Amino acid sequence: MKQSSESESMGGSPQTADQNDSIHFIWPKLPLFGIAFVMALGVLVLIYELSQVTLTQHVIYVDVNRQSLAGKVAKDVLECRRYEKDVFLNLNHPVEYNDYLLKWRTAWNKLSIDTEFLSKCMANEEQTRLQMLLHDSVKEYQKHFLNIVEKINRGEIKTPQQANLAMTPFKDDMRNLTILSSKYAVESAKEATQHGGTLVRRGGISAVVVLLLTIVPSVILLFLFRKYNQKLILANEKLQSSKNELKQSEAQFRTLMNNIPGVTFRSHVDERRTIEFVCETIKELLGYPAEELLRNKVRTFTSVIHPDDITKVHSVIQSAAEKPQSFQVGYRIIRADGEVRYVWEQGLVSHDHNNVPMVDSVMFDVTDRKQAELELRNSKEVFERASLVDKLTGLPNRTLSHERLKELILESQEKSEANYAVIFLDFDRFKMVNDSLGHDVGDLLLVEIATRLRRHLRCTDSISQQVSGNTAGRLGGDEFLILINNIKSLDEVNSVAERLLDELARPYFLEQHEVYSTASMGIVIGNKYYKRPEEIIRDADTAMYEAKRSGKSRYVIFDDSMRKRVIREMILENDLRKAIENQELVLYYQPIVSLESGAVCCVEALLRWYHPTLGLISPGEFIPIAEDSQQIIELGEWVLREGCRQYAEWSERLGYSAPSMISINLSRKQFICPHLVHMVESTLQEFNVDPEHLQLEVTEDAFASDVNEAIQAMKEIKNIGVKLAIDDFGVGCSSFASLNQFPVDTLKIDRSLVDQVIRTKGMAAMINSLVVLSENLRIMLIPEGIEEQDQLTELRKLGCEYGQGFLFAKPLTSEVFEEYLLKQSGASTASTPQLVESN
């Protein structure tokens, strides 16, 4: 609206100005009338020629029609003749004969129709002759052919030769008919070609007429137009171009000024900042219209600057004006509504044509960015804390714990007196708490553990990486890392660890639950050889697992032998994956005998591993590795297959001398495997072993976590006829009263109980109770680990019928065990069998 009013005040409306400034064109009249006459004459000639073209097109259409019909007649005659021969050739084949006769009738109908249409298109003498031949010969041909067909049907004509001979008089007429039809088609094509040439000529004439009487006058008219008005056209083009460029330049300038992300203005270098030019967006920033600020009309620009910032702004601009240069300055302005906004001004001081210093500036509203910076500054510690602190417990997380440990390492390398210790702490029963009581209770337990660590160690809650005090951090799950700084002696570390064990062993009251959870700790004493936190945490983790291996709820200080053992375990884990493939595993067999007669009643298969470089590896060493690395399932399947194979071989070769049953151990993971029953069944079927000859042994820890599920698994095994035994009974949590829940056939007393039977009366009484209980439950009782004659004597007195141990035989290879069986069956029964050593 403002631009329009300014334009009107400078010389009327834009539309009137355009009309007054234009130079008009006047057509020359005489040449225009002459050209119009010539063009009208050309239109009349063109209409005549187009009518002749239409007539010629009709004639060509008739010629093409006659050509097509004549060709069809010739084709129809040939088709009738062909089907005629096929009819005669199939006189003695009724089906084919009727089929071709039907085809002949169809062809003759087409010939009759086409000849009718063709006869109507004939005019000259030759064509009249063909017309007569069409009417007479075709009908005579039909009549005669049908007469022959009737004779054929009556049996008067019996061979194709007779039929062809009867049709001979009509062959020449039909041949002439074909020739004349083809000739007539060719003549029709020639006439169509001639008329087509005529059509082309007429079209050429029409094109010439159009060219000479329309296009040429138009070219002349254009020539005259350019001749008489060229200067006028050039003048108008220059005028219009100048006006358009001016308008476009003005529009671009205003668009640029109003769309720059900021306020563009020009001002003097004075205390009032007198404005000479300002874009309209100033109103959005200050709330004042641009007119009020121009040349201090209503208010000065300095009046909207915050009073506390005026001196700073003037100082920056004066400095830039002394040696004309660019400047940047941030300050506050006060809007019309009283709101304070932050702005950032970038400008350049230069001199105008009068050598007056002027400031060309762009001012940006940076209030949102300024507020964001303030909020970011206020919340920086919150964000930093969130990234370095465990959300659940509030303790330093893995990242912060690593950083603090890194600082301790650097400090100990710089100062020889700076000693530290690292404790890796893991809770022994946390998974059971999580699984049985739920993750919510598990989280509460972790929070309570963190509270006790923080209180007991008096740890700092600072998120700084450099802290002089102790640090307790959570690495994840139930793993915690404790950093003890400035230790004076090893006794100090031991004291801290023992107090932590006592503190963490106290009961936890979580909602309605009372939870007990002990901790296992691995300790590393810092030294100058440690360079990275990962190395220390690795060794502390190793010591922690050693504590768990030693019975849990204790601490172990790391030494080099542990690292060697870890390396050995890693080597064994890797080599164990190839042990089956390389045939390094072997089964040894230990007999279970009658304590009265010494006769072998069954045998237990025991796994051994002959490592190619390390020699014989104890099961106590590689079985736990297999359990941890998930290889125990594959090993257990191999033991089951090899044991059944060997038992089948003994049964076939030794007959009654073979043991009545083979006993194979199951690991805890095998026992809970859902495919165990299927695997056992398929193995028994593969080696043709009756289920009653196989006994599977499980230890108490295999079903301690879920008794009901264990009972169900036992029932599934019993359903296929396989026997079950509880191994190492007496060292787990099972009680005498719970034995009647388990559908087992055998109870094997652990060697630790057998070892005490001759030393304590209480143990003898307990074994005697087991004997009575097993008899009532019809369970076979087998004491394990019988190594002394006194033990055997006492067990006999207590009523034990069977036993197993080195006193009878150590685990033997299959060959030595077979010799042992043959020797036992050939010798008379003795009160105590002789000890047999394994090779």
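The expected span of a helix is taken as 1.5 Å times one less than its number of residues. In the predicted model described here, helix H16 has 17 residues and reaches 24 Å from its first C-alpha to its last, close to the 24 Å expected at 1.5 Å a residue. Helix H19, which covers residues 632–654, was assessed in the same terms: its 23 residues should span 33 Å, and its end C-alpha atoms lie 32 Å apart, which agrees.

The chain that contains these helices comprises 839 residues, of which 40% count as buried. Its secondary structure consists of 26 helices and 21 strands. Among contacts in the chain with a separation of 6 or more, 66% are accounted for by residues 24 or more positions apart.

Helix H16 is mostly covered, with 12 of its 17 residues buried. The buried set begins with Pro533, Glu535, Ile536 and Ile537 and continues through Asp539, Ala540, Thr542, Ala543 and Met544 to Glu546, Ala547 and Lys548. Charged residues are thus represented in this set, among them Glu535, Asp539, Glu546 and Lys548. The buried residues of H16 pack against two helices, H12 (398–414) and H17, and against the strands S6 (420–427), S8 (479–485), S11 (519–525) and S12.

The segment that follows H16 contains residues with positive phi. Just after the helix, Gly551 takes a positive phi of about 125°. Ser553 lies in the loop between H16 (533–549) and strand S12 (555–557). Although Ser553 is not a glycine, its phi is positive, at about 50°. With a relative accessibility of 38%, Ser553 counts as partly exposed, because the partly exposed class lies between the limits of 20% and 50%.

A further non-glycine residue with positive phi is Gln583, for which the angle is about 60°. The loop that holds Gln583 runs between helix H17 (560–576) and strand S13 (585–594). The relative accessibility of Gln583 is 71%, and the residue therefore counts as exposed.

In helix H19, the buried residues are Ile632, Leu635, Gly636, Val639, Leu640, Gly643, Cys644, Gln646, Tyr647, Ala648, Trp650 and Leu654. Glycine is represented in this set by Gly636 and Gly643. H19 is followed by Gly655, whose phi is positive, near 65°.

Two helix pairs were examined for their packing. Helices H13 (residues 430–437) and H14 (residues 439–457) have axes that come within 6 Å and cross at roughly 140°. On the H13 side, Phe430, Val433, Asn434 and Leu437 meet His439, Val441, Gly442, Leu445 and Leu446 of H14. By class, this contact has 6 nonpolar and 3 polar residues, with no charged residues.

In the second pair, the axes of H24 (residues 761–777) and H25 (residues 789–798) come within 9 Å and cross at roughly 50°. H24 is therefore oblique to H25. The crossing in which H24 passes H25 is right-handed. Ala764, Ile767, Asn768 and Val771 of H24 make the contact with Glu794, Leu795 and Leu798 of H25. The residues of this contact divide into 5 nonpolar, 1 polar and 1 charged. The polar residue is Asn768, from H24, and the charged residue is Glu794, from H25.

Note on methods
Residues are numbered from 1 along each chain as its sequence is written. This is a predicted model: local features need pLDDT of at least 70, side-chain atom pairs count only at pLDDT 80 or more; totals for chains, interfaces and linings use all residues. Side-chain values use heavy atoms; hydrogens and water are left out. Axes are lines fitted to C-alpha atoms, for helices over the stretch in contact, and angles run from 0 to 180 degrees between N-to-C directions. Helices (H or I, at least four residues) and strands (E, at least two) are DSSP runs, numbered from the N terminus. Angles under 35 degrees count as roughly parallel, over 145 as roughly antiparallel, 65 to 115 as roughly perpendicular and the rest as oblique. A crossing is left-handed if the near helix is turned anticlockwise from the far one by less than a right angle, and right-handed if clockwise. Contact means heavy atoms within 4.5 Å. Buried means under 20% relative accessible area, exposed over 50%, partly exposed in between (1.4 Å probe, protein chains only).
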